[in-house]
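Me: Could you go through this one with me? I'll put it up here and then ask as I go.

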Amino acid sequence: MDKNIDFSNFGGYPPFDAPDPENFFNPMTQYEQGYMYYKCLCMQMDYKIKCKEYEKMCNGKP
């Protein structure tokens, strides 16, 4: 696998470190940030659901 892949101009979009404010918007970066945000939210919700299930399970025992 080639470890020297250049992602600076991925898919014809402006580079990640674009100094020009007009080219600062990068759809790949926006997608990755949104994905990580919702992934974190889902993990938090899953944790809270599991905690409630554990409480119900423990409260049912004497």
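Me: How many of the 62 residues count as buried, as a percentage?
Reply: Of the 62 residues in the protein chain, 5% count as buried, and please keep in mind that this is a predicted model.

Me: What does the accessible surface come to, and what share of it belongs to carbon and sulfur atoms?
Reply: The accessible surface of the protein chain is about 6,200 Å², and carbon and sulfur atoms account for 61% of that area.

Me: How many helices and strands are there?
Reply: The protein chain has one helix and zero strands; helix 1 covers residues 27–59, and Tyr35 is in it.

Me: Which residues form the nonpolar patch on the surface?
Reply: The patch is made up of Tyr31, Tyr35 and Met36, which together have about 380 Å² of accessible area.

Me: And why does Tyr35 count as partly exposed?
Reply: Its relative accessibility is 46%, and because partly exposed covers the range between 20% and 50%, Tyr35 is placed in that class.

Me: Switching to aromatics, how many pairs are there?
Reply: The count comes to one aromatic pair, formed by Tyr37 and Tyr38, which are edge-to-face with 5.1 Å centre to centre and 75° between the planes.

Me: Is Tyr38 buried or exposed?
Reply: Tyr38 is exposed, its relative accessible area being 54%.

Me: Last topic, how many disulfides?
Reply: The count is zero disulfides. As for individual cysteines, Cys51 is partly exposed with a relative accessible area of 29%, and Cys58 also counts as partly exposed, at 35% relative accessibility.

Notes:
Residues numbered from 1 in each chain as written. Predicted model: local features only at pLDDT ≥ 70, side-chain atom pairs only at ≥ 80, totals over all residues. Heavy atoms only, no water. Helix = DSSP H or I, 4+ residues; strand = E, 2+ residues; numbered from the N terminus. Buried < 20%, exposed > 50% of the residue type's maximum accessible area, 1.4 Å probe, protein only. Areas by Shrake-Rupley, 256 points an atom, 1.4 Å probe, with all protein chains shown as cover. Patch = residues over 30% accessible without salt bridge, like charges linked within 9 Å, V, L, I, M, F, W, Y side chains within 5 Å. Salt bridge = Lys/Arg side-chain N within 4 Å of Asp/Glu carboxyl O. Phe/Tyr/Trp six-rings, centres within 6.5 Å; stacked < 30°, edge-to-face > 60°. Disulfide = S-S within 2.5 Å.
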